[in-house]
Amino acid sequence: TARECGQLVFLEGLKSAVDVFFRPQEEPHPLQFLREANSGNLQPLYEFVQEALKPMDSGEAAWRCPVLLVDDLSVLLSLGVGAVAVLDFIHYCRATVCREWKGNVVALVHDSGDAEDEENDILLNGLGHQSHLILRAEGLATGFCKDVHGQLRILWRRPSEPTAQRDRSLTYQYKIQDKNVSFFAKGMSPAVL
Amino acid sequence: MTPAPPAPGPPRPSSASPPGAAPRHREGEQGPRVAGEAAERGTERAAQKATHDEGKAQRNGELGDRRGQPAGAHMGGEWHGRIRGGCGPRQRGASSLHLCIRAQEGSIRVSLPGIVNLSTTHARLRQVLVVGEIVDAPPLPCGGAWQWVVTPSEGVRRGTRRILEMLESLLAIGGLVLLRDSVEWEGRSLLKALIKKSALCGEQVHILGCEVSEEEFREGFDSNINSRLVYHDLFRDPLNWSETGETLPGGPLEALRALCRRTHPGPVTIALDSLSWLLLHLPCTTLCQTLHTLSHQDSCRGDSSPGEQVHVLGLLHEELHGPGPLGVLSSLAQTEVTLSGALGQASAHILYRRPQQRPTHQTQWFSILPDFSLELQGGPPLEPQPYPDPRVPSMDPTTHLTFNLRLSKKEREAKDSLTLPFQFSSEKQQALLCPGLGQATSHIFYEPDAYDDLDQEDPDDDLDV
């Protein structure tokens, strides 16, 4: 229903990627970079985002504070886009969504971990520097567990609050349920207590 | 009972009142009213001790009104107790004045009501005690009758100087100051602290902003600083995607070059936020050449006075670049600050490259306050050291053994007189040189036949040569 109201705009990457190849080339498409030989830039994708999230002042109730959810950016890397291009795309999204329209951008990046992937590391760190809040979800150091699926580390990067000693970093553990995630402090899983 | 005095203070002078002198009251009983005291961020405690001469009898008359009060009433009981280490009724004949003040940065303002003859008092100021060291009191100007401006002594000055010096020393050398930060320890607040310092020194500050919006960058600065900042916006549309024509023509490189060509006279600070963004979008060589031009502008222009320096502050995100570009920028920089930290406390490792001097290192723990002023910290809180358990006595492990660890005299002699088999001593040399009758030496008689090919380099004939 949110989709019908226009509150949710969903760009399905897989489906849309196939469309790129069956359209005439003159029409701009968000995933135009798939057809380009060089690494290209994500300007068409940005323009799609801009178009979709632009606040409508046409009489109907305008949605406040747009949120852009990107799932996920590592896939773009594996499609051949350069890390700098992805960072530029996020830069423009921030400039438009955050600064102009006072919204938020949430992006997902996979951490390559042990695998030495330089492009992914550049993307990950570059995105970290652009972010105000970093959430790192990782498995437990001790291995798999039925009741605790992982832990979440929260890092604030923006020292804007006037309160002096605020926690820069917090850690929670979580368990994923059907449509919900429950959080608890370290060692405080309900299964243990 | 009041607590004992804290730090090792100066030994109290034995105040023996000379016979026949009129009984004196402690002039120190006059309440020293300290303006600007009780600053919780005080760095040093300065206690001033003045010893007065005998010829002060004339002042005692004025002090009569204090006689009735209990000792220590003039200052907070806590301070008084600390200084005097507990005291009973007012002691006559004492002749020292103790003031215990927490010093703020800068100067201590002390007013001493009740003492008329301040000039004499001033002349008698002998020692200024800063916690940990006693320094001879500097000559003091005497203000009005009731006010005494004290410049803190060398020790205090040294402490406060440290705070001011970190930012000043970073800006002192001129040229390029490189701030290397990471995701966990961000450097933008230090950059803003340096910008604020430059602005307060009267310099004009140009900021090439690529990573944050202008509003976000100016946040936290008050209006008089903001009026000195010129923000060149490369955040909104650096790559000209919106094609509205608002962006700076020529892109980031042209914007950077425009900063080189500024003609405004006077000292200027240029802040690049961030160098990483520029490095990702411009070729490294071009960027380095432009940076070099930027930071050596004053040497190019012949008409500028030597006192005018260009400060270029560059923020660099370490993890985004390989060792090549990092090394190049590092060698271009006159001052390099690497940010890291431990246990929630940020630290800066500073490398100074002064011209014609050896590079010097310094590590400083600090924190940045919301108004972008710098506060130095001592270091992260140390882990508590585990105490050795006092209940377990240290035992001698060589007692109660089932075997003997000691040598008797005979055994020791035998041990010392033993010659080791492979040690070459004079006896052995003789034995080898002159084979005696008792020695059974073996000889080998060898007659090579026709098929033997004795190769000196390969006697066993097993090398694959």
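Two strands pair if DSSP finds at least two bridges between them. The model used in these exercises is predicted.

**Exercise 1. Decide in which sense β9 and β11 of chain B pair, and over how many bridges.**

Solution.
- Locate the strands: β9(B) covers residues 204-209 and β11(B) covers residues 268-273.
- Count the bridges: there are six. The pairing criterion asks for at least two.
- Read the sense: the two strands run parallel.
- Check one position: B:Leu208 has B:Leu272 in β11(B) as its bridge partner.

**Exercise 2. Place this pair in its sheet and find the edge strands.**

Solution.
- Write the strand order in chain B: β10-β9-β11-β12-β8-β13-β14-β15-β16.
- Classify the sheet: it is open, has nine strands and shows mixed pairing.
- Find the edges: β10 (229-233) and β16 (374-377) of chain B each have a single partner strand, so each leaves one side without a neighbour in the sheet.
- Add the twist: the average is 25° from one strand to the next.
- Look for packing on the sheet: α10(B) touches β8 (175-181), β11 and β12 (310-317) of chain B. The direction of α10(B) makes about 150° with that of β12(B).

**Exercise 3. Describe how α8 and α10 of chain B cross.**

Solution.
- Take the helices: α8(B) spans residues 251-260, and α10(B) spans residues 284-295.
- Take the geometry: their axes come within 9 Å and cross at roughly 20°.
- Apply the cut-off: angles under 35 degrees count as roughly parallel. α8(B) and α10(B) are therefore roughly parallel to each other.
- Assign the hand: α8(B) passes α10(B) in a left-handed crossing.
- List the contact: α8(B) contributes B:Leu253, B:Leu256, B:Arg257, B:Leu259 and B:Cys260. From α10(B) come B:Thr286, B:Leu287, B:Thr290, B:Thr293 and B:Leu294.
- Sort these residues: six are nonpolar, three are polar and one is charged.

**Exercise 4. Summarise chain A, then state which residues of α3(A) are buried and what covers them.**

Solution.
- Count the elements: chain A has six helices and six strands.
- Order them along the sequence: α-α-α-β-α-α-β-α-β-β-β-β.
- Quantify burial: 34% of the 193 residues of chain A count as buried.
- Quantify contact range: among contacts in chain A with a separation of 6 or more, 46% join residues 24 or more positions apart.
- Turn to α3(A), residues 43-53: A:Gln43, A:Pro44, A:Leu45, A:Tyr46 and A:Val49 are buried.
- Identify the cover: it includes β1 (67-70) and α5 (83-100) of chain A.

Methods. Residues are numbered from 1 along each chain as its sequence is written. Chains are lettered from A and ligands numbered from 1 in the order in which they are written. This is a predicted model: local features need pLDDT of at least 70, side-chain atom pairs count only at pLDDT 80 or more; totals for chains, interfaces and linings use all residues. Side-chain values use heavy atoms; hydrogens and water are left out. Axes are lines fitted to C-alpha atoms, for helices over the stretch in contact, and angles run from 0 to 180 degrees between N-to-C directions. Helices (H or I, at least four residues) and strands (E, at least two) are DSSP runs, numbered from the N terminus. Angles under 35 degrees count as roughly parallel, over 145 as roughly antiparallel, 65 to 115 as roughly perpendicular and the rest as oblique. A crossing is left-handed if the near helix is turned anticlockwise from the far one by less than a right angle, and right-handed if clockwise. Contact means heavy atoms within 4.5 Å. Ala, Val, Leu, Ile, Met, Phe, Trp, Tyr, Cys and Pro count as nonpolar, Asp, Glu, Lys and Arg as charged, and the others, Gly among them, as polar. Buried means under 20% relative accessible area, exposed over 50%, partly exposed in between (1.4 Å probe, protein chains only).
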